[in-house]
Amino acid sequence: MTTFVTDNCKACRFTDCVAVCPVECFHYDDDMLYIDPEVCIDCSACLPECPVQAIYEGDDYPEDKEEWIAINAQRAPELPVITEPMEPLPGAEERKTELGF
Amino acid sequence: MSSKDPLGSDNNPLCVAVVGSGPSGFYTTEALSRSEHVVRIDMYERLPAPYGLVRYGVAPDHPKLKQSIQVYEKIAQSPEFRFFGNVNIGRDIAVADLRRAYHAVVFACGAETDRRLGVDGEDLPGSHTATEFVAWYNGHPDYRDRVFDLSHETAVIIGQGNVAADVARVLAKTVDELRHTDIARHALDVLAESRVRDIHVIGRRGPVQAKFTPKELREFGDLEDCTPFVNPEELLLNASSEQELEDKKNVNARKNLELFRGFSQMAADKSRRCRFSFLKSPVRLEGDGRLQQLVLESNRLEGEAFRQSARGTGQMEALECGILFRSIGYFGIAIDGVPFDPRRGVFPNRAGRIMEADTAVAGLYTAGWIKRGPSGIIGTNRADSVATVASLLADLPALDNPDSKAGAEAIMPLLERKGVRVISYRDWQRIDAEEVARGATQDKPREKITSVEEMLAVL
């Protein structure tokens, strides 16, 4: 069971998920967020918060997103923790529309 | 007052009492500690053990969710934080006393009871609240002596949220599936003798409106000795429900429906069945001295998408059952000295400021379920507590008081006079260690101590 962020977060980084994370397992770089699977408790609170549905859990993800499980596990521990929501990246709203949300 | 340092500075620290030690209480503490102000936070909890519903609500077979306790343990280490367990605010200490001792009081005491069905026979023996059952199997001291008669083979749960799912799953699991969890031993013993084979989880609206999270629902497909079942006819949708499903944001409903469809095709090759039924409302509970059957009325949905309500069709059916749990929402309990909304079961508030009529009551705040009602999961309360603390900190100038606020130093003498044995965080750590040690001998993460007296005896 793993919860992970996928490339839908790229260029959006809305960070709504961060406000409801009970354990502060989100990390960030300039592009997007990542979940540290060692810290995450798989509570699902963040899933419905994401305006672009970038977060998946368990075995319930599209096949082409599978690589993001490993990317989250590798990137998160190297990056700073994000403890409270930030401003979305410039152009996030346009990107959201582009993604169909 | 003008010569005094501003509230929240070294010489005039902000003293806050937090009532309740569940997630909301700890996230309130965290948000206060992280503010730029100098704060002192005293947390009051009526039980000797902290963590509220993470300890006494989260199902024993969901250990990962309980790892949020590690975050609370870290918060509890902040130097400005103190824990006072085994102190009942409203009984041992009046709210007025707290208000005198602190600049602000934040009530994060949760919703302690269930909403009532409001039907005849609701109080027959055999009819229970989900809360009681959950608190019982989780070893809550107030509920350890409850008796649940599991000798009849049919059990009914009214409601279709995650609490209903927890109750159904605990009834559906074999003792071996629960043995190595932190379930209370008294519960394991009773469940070992359970003759429940048919579990009905009944909702007044349809499969698209069920409030389960897909992950909770999915677990029913993987039980050792129980098959989930749905009548395929109950999965036929009206136009408004189809429209709800199409909404891109309604991911959970789409996933749930897919799971229900899967359940409707499953071969019932296990000894227990868990049936999810929709569009039915309890009309009355019947029985001679105890619950024997439930009368249900079929509903249809009326209204536009996302605003559909269930209307009775007049078509009745009876379901024989030996035990029933209502799980249609937790409900808060009033505390003397705090305004209460008896209709919603919450402390009336605006952005966390407790309101009396249309005026904010100076220095009283609220967070979590007693603030907004029983919705959301553990993490939802983090954002909620942060919002309450933002309101509190915005009020700082008004909270400053010419009299110094002594905090717990003013409260302790009152408790001493009443002979209350106050539990410090260090005391709790000893109880915690004892529980873990008792669990280790049985290959359990812990064996909870289920009476207050016995917890105190460890110290």
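This is a short talk on chain A and on selected sheets and helices of chain B in a predicted model.

Good morning, colleagues. I shall begin with chain A.

Chain A contains 3 helices and 4 strands. Along the sequence, these elements follow the pattern β-α-β-β-β-α-α. The C-alpha trace spans about 35 × 30 × 20 Å along its principal axes. How does the radius of gyration of chain A stand against that of a compact globule? For 101 residues, such a globule would have a radius near 13 Å; chain A has 12 Å, and so the two agree. Of the 101 residues in chain A, 41% are buried. As for contacts between residues at least 6 apart in sequence, 76% of those in chain A join residues at least 24 apart.

Two residues of chain A deserve a remark on their backbone. As background, most residues other than glycine have a negative phi. Thr15(A) is not a glycine, yet its phi is positive, at about 65°. Thr15(A) sits in the loop that runs between β1 (3-5) and α1 (16-20) of chain A. Is Thr15(A) buried or exposed? Thr15(A) has 22 C-beta neighbours inside 10 Å, and therefore counts as buried, the threshold being 20 or more.

The second residue is Gln53(A), which also is not a glycine and has a positive phi of about 45°. Its place is the loop between β3 (33-35) and β4 (55-57) of chain A. Gln53(A) has 18 C-beta neighbours inside 10 Å, so this residue counts as partly exposed.

I now turn to chain B, and to its sheets. Strands of a sheet pair through backbone hydrogen bonds, either parallel or antiparallel. Chain B offers an example of each.

The parallel example is an open sheet of 6 strands in chain B, in the order β6-β14-β7-β8-β10-β9. Its edge strands are β6 (127-129) and β9 (226-229) of chain B, each of which pairs on one side only. From one strand to the next, the twist averages 20°. Within this sheet, strand β7 (residues 154-158) and strand β8 (residues 198-202) of chain B are paired in the parallel sense over 5 bridges. In that pair, Thr154(B) stands opposite Asp198(B) of β8(B). Which helix packs on this sheet, touching β6 and β14 of chain B? It is α5 (residues 130-137) of chain B, whose direction makes about 70° with that of β6(B).

The antiparallel example is an open sheet of 3 strands in chain B, ordered β11-β12-β13. Here the edge strands are β11 (280-286) and β13 (309-320) of chain B, and each pairs on one side only. The twist averages 25° from one strand to the next. Between β11(B) and strand β12 (residues 293-302) of chain B, which run antiparallel, there are 6 bridges. Glu286(B) stands opposite Gln293(B) in β12(B).

My last topic is a helix pair in chain B. The axes of helix α1 (residues 23-33) and helix α13 (residues 380-394) of chain B come within 8 Å and cross at roughly 50°. That angle makes α1(B) oblique to α13(B). The crossing of α1(B) past α13(B) is right-handed. Which residues of α1(B) meet α13(B)? They are Pro23(B), Ser24(B), Tyr27(B), Thr28(B), Ala31(B) and Leu32(B). The residues they meet in α13(B) include Asn381(B), Arg382(B), Ser385(B) and Val389(B).

Thank you for your attention.

Note on methods: Residues numbered from 1 in each chain as written. Chains lettered and ligands numbered in written order. Predicted model: local features only at pLDDT ≥ 70, side-chain atom pairs only at ≥ 80, totals over all residues. Pairing = 2+ DSSP bridges. Axes fitted to C-alpha atoms, helices over the stretch in contact; angles between N-to-C directions. Buried ≥ 20, exposed ≤ 12 C-beta atoms within 10 Å, placed from the backbone. Rg over C-alpha atoms; globule rule 2.2 N^0.38 Å. Contact = placed C-beta atoms within 7 Å. Parallel < 35°, antiparallel > 145°, perpendicular 65-115°, else oblique. Left-handed = near helix turned anticlockwise from the far one by under 90°.
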